[in-house]
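Open the model in your viewer and keep the selection panel handy. We will walk through it stop by stop, with something to select at each one.

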Amino acid sequence: MKKILRFMSVVMLFAAALMAQPVTAQTAAPKTLIVYDGPPGTDQAKLGLAYGIMLKNLLGHFDSNAELLPAQDYVAGKMQAYDATFYMGAYYDNPLPAAFLNDVMTTQKTVVWFKYNLWQLAWNPAYSFSAKFGFSFSGLRGMNAAPTAANPEPGFFDTVGYKGKSFVKYYTFNGATGYVNADPDLGVTSVLDTAKASVIVPVRNPKTGESAPYILRSGNLWYVADMPFSYIGPRDRYLVLTDVLHDMLGVSHAESHQAMVRLEDVGAMVSVSAMKTLTDYMYGKKIPFSIAMIPRYVDALGVYNGNVPLTVPLSQATNLKTAVNYALTRGAEVVMHGYTHQYSNIANGNTGVSGDDYEFWNIVANSPVAEDSAAWALGRLNAGKTELASNGYTPVAWETPHYHASALTSKVTPQAFNTTYQRVVYFTADQPNFYAATGRDFGVGQIFPYVIKKDYYGQRIIPESLGNIEYDIRAIDPTSNFNYTWQDIVMNADYAKVVRDGYASFFFHPFWLEPAFAVPGYQDFQNTINGITNLGYTWVAASKAQ
């Protein structure tokens with residue numbers, strides 16, 4: 001069964017008050033440059049690239065096809081050719097070229113600086129940094145103290161306030177190993193001259209009561225005090241950045257809050273009764289919806305068929321076609337969700353059964369599958385489309401099984417589909433090596449609050465941003481062992497409203513209506529729909545997402 005995915009992007013080694021100064025509206029697509037730390041000869045050489053890829057994706061919402069450039073390759077005057085330059089300070093004390101530092105001090109173009117290494121300007125008297133920009137850089141702050149079993153949460157600057165909401169940075173501590181899973185470092189600045197600098201977004205340290213700027217602006221220079229692409233989630237300060245990007249770029253998107261819902265993992269064994277119940281409910285509410293349809297059902301190991309392998313082509317999937325045909329006349333659209341939504345004749349994550357397993361990534365070996373190539377992936381995409389078409393179905397979008405495919409698969413997807421409907425995992429190489437001693441690769445997962453017109457792989461993406469309802473049914477399925485409630489989904493939607501053109505988009509598995517699970521699936525689905533509606537969202541079809 002599919003689980004909600006929280007993308008913790010800092011170490012996924014497959015193995016997150018408006019300004020006082022006026023904004024000039026950008027009429028054309030902004031031209032943007034992303035300068036990232038890439039210190040050669042280190043194990044973290046590609047971490048800055050990973051964050052740069054994530055930023056590039058967000059800039060795709062603004063029609064900007066950003067250029068990615070390692071900091072060491074920067075040459076004097078380069079940022080003058082761009083409307084905005086973003087520096088990803090991902091590596092502590094990475095030496096920056098004098099040409100870059102000089103240009104930051106003299107350019108009139110927008111510069112956005114993330115996290116580390118601002119001290120190379122602020123603490124060098126040759127630049128007169130504070131006099132020019134009206135703020136100072138004090139240094140870095142991390143944990144208030146080292147966590148212990150007796151004091152597992154000593155605290156740090158973890159609460160970002162924006163538009164009346166508190167966005168709390170992710171933190172866990174394993175008392176047995178002493179391992180902290182978090183990104184607590186913060187660059188602390190202070191405004192010295194309010195005529196030159198202003199705090200756009202504050203951050204608090206609840207344990208000490210201190211406050212500091214989280215996003216600060218002085219004229220054309222913006223400073224973001226941490227790396228908001230690490231440990232992202234649906235209520236994370238990452239959402240703050242996705243909204244403030246409008247102001248950084250001077251792009252005035254209208255306030256718009258739309259919602260989408262998708263019925264997930266709908267294959268040959270779907271319950272017609274459950275599908276009809278959900279369809280009738282949404283039809284009665286005049287809510288359009290999507291069906292994530294798996295064209296070909298495979299139980300490669302016979303897990304649910306007495307140990308006898310079973311394949312059901314769409315032409316023989318009577319229940320599936322009955323349920324989908326009923327829904328299509330009542331506001332539904334088809335999204336193609338993999339070809340078989342499983343891989344080969346192995347248990348690739350769970351059971352080897354359609355809907356359970358990964359199709360375009362070997363999750364067991366944590367690598368691309370053996371056949372991985374553009375031709376192989378495109379062949380499966382086209383085979384699925386052909387199977388749908390031969391049975392009278394035209395998908396409006398593609399959704400990657402478990403949101404996790406190889407780089408080559410994602411790159412080839414635009415050849416088969418104009419639109420995808422998903423979250424995405426991105427890699428710093430087509431054939432990643434996660435264990436190299438130097439220059440190891442990273443895989444980073446990303447949620448989007450709005451439509452990305454073109455991502456790093458060339459995909460157009462409409463968002464699923466809220467997650468899905470889950471129940472702890474470990475007595476039936478040991479892999480389904482936690483709860484994610486309808487209240488969680490609605491709270492996520494409430495937080496998503498801070499993004500001026502953000503979506504509330506979630507998915508739901510029809511099997512939760514089946515009596516064998518003994519869970520309040522239908523009631524919770526209705527509560528989710530009503531909760532999102534009551535927040536003021538307008539429901540739209542996936543094909544209408546803009």
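Contact here means heavy atoms within 4.5 Å. Keep in mind, too, that this is a predicted model.

**Stop 1: the nonpolar cores**

Start by selecting Leu245. Leaving aside residues up to four places away in sequence, Leu245 touches Leu55, Leu58, Leu59, Phe62, Phe86 and Tyr450. Now widen the view to the largest nonpolar core, which has 92 residues. Leu245 is one of the members that touch the most others, and Phe86, Phe100, Trp113, Ile215, Phe229 and Met248 complete that group. Which helix gives the most to this core? Colour helix 1, residues 47-59, and you have it: this helix supplies nine residues. In general, nonpolar side chains tend to be buried together in soluble globular proteins.

Next, select Leu314, Tyr393, Trp512 and Phe517. These belong to a second, separate core of 61 residues.

**Stop 2: aromatic rings**

Show the side chains of Phe, Tyr and Trp. The whole structure holds 39 aromatic pairs. Zoom to Phe427 and Phe434: their ring centres are 6.3 Å apart and their planes meet at 40°, so this pair counts as tilted. Stay on Phe434 and add Tyr435. Here the ring centres are again 6.3 Å apart, but the planes stand at 90°, so the pair is edge-to-face.

Now switch on a surface and look at these three residues once more. Are they buried or exposed? Phe427 has a relative accessible area of 2% and is buried. Phe434, at 3%, is buried as well. Tyr435 is exposed, because its relative accessible area of 60% is over the 50% cut-off.

For a group of rings, select Tyr92, Tyr116, Trp119, Trp123, Phe137 and Tyr223, which ring pairs link into a cluster.

**Stop 3: the largest pocket**

Select Met269, Tyr304, Ser354, Asp356 and Phe511. Of the 25 residues that line the largest pocket, these five lie nearest its centre. The pocket has a volume of about 570 Å³. Colour the lining by residue type and you should find 13 nonpolar, seven polar and five charged residues. Then highlight strand 14, residues 258-266, which gives the most to this lining, with three residues.

**Stop 4: the largest cavity**

Now select Pro234, Tyr238, Leu239, Ile447, Phe448, Pro449, Ser465, Leu466, Ala496 and Tyr503. Together they line the largest cavity, whose volume is about 50 Å³. What kinds of residue make up this lining? Nine are nonpolar, one is polar and none is charged.

**Stop 5: two asparagines with positive phi**

Most residues other than glycine have a negative phi. Go to Asn307, in the loop between strand 16 (297-299) and strand 17 (310-312). Its phi is positive, at about 70°, although Asn307 is not a glycine. Asn307 is exposed, with 67% relative accessibility.

Then jump to Asn366, in the loop between strand 18 (332-337) and helix 8 (374-390). Its phi is also positive, near 55°. Asn366 counts as buried, because its relative accessibility of 11% is under 20%.

**Stop 6: two more loops**

Select Pro414, in the loop between helix 9 (407-412) and strand 20 (420-422). Pro414 is partly exposed, with a relative accessible area of 29%. Which residues does Pro414 touch, not counting those up to four places away in sequence? Add Tyr457, Gly458 and Gln459 to your selection to see them. Draw a distance between the C-alpha atoms of Pro414 and Tyr457: they are 43 residues apart along the chain and separated by 8.4 Å.

Finish at Thr194, in the loop between strand 10 (186-191) and strand 11 (197-205). Thr194 counts as exposed, at 71% relative accessibility. For a last distance, pick the C-alpha atoms of Thr194 and Gly349, which are 155 residues apart along the chain and separated by 55 Å.

Methods
Residues numbered from 1 in each chain as written. Predicted model: local features only at pLDDT ≥ 70, side-chain atom pairs only at ≥ 80, totals over all residues. Heavy atoms only, no water. Core = buried A, V, L, I, M, F, W, Y, C linked by side-chain atoms within 4.5 Å. Buried < 20%, exposed > 50% of the residue type's maximum accessible area, 1.4 Å probe, protein only. Helix = DSSP H or I, 4+ residues; strand = E, 2+ residues; numbered from the N terminus. 1 Å grid on protein atoms, 1.4 Å probe; cavity = no way out; pocket = protein on both sides within 12 Å on 5 of 7 lines; lining within 4 Å. Points joined across faces, edges and corners; volume = space filled by probe spheres on them. Nonpolar A, V, L, I, M, F, W, Y, C, P; charged D, E, K, R; others polar. Phe/Tyr/Trp six-rings, centres within 6.5 Å; stacked < 30°, edge-to-face > 60°.
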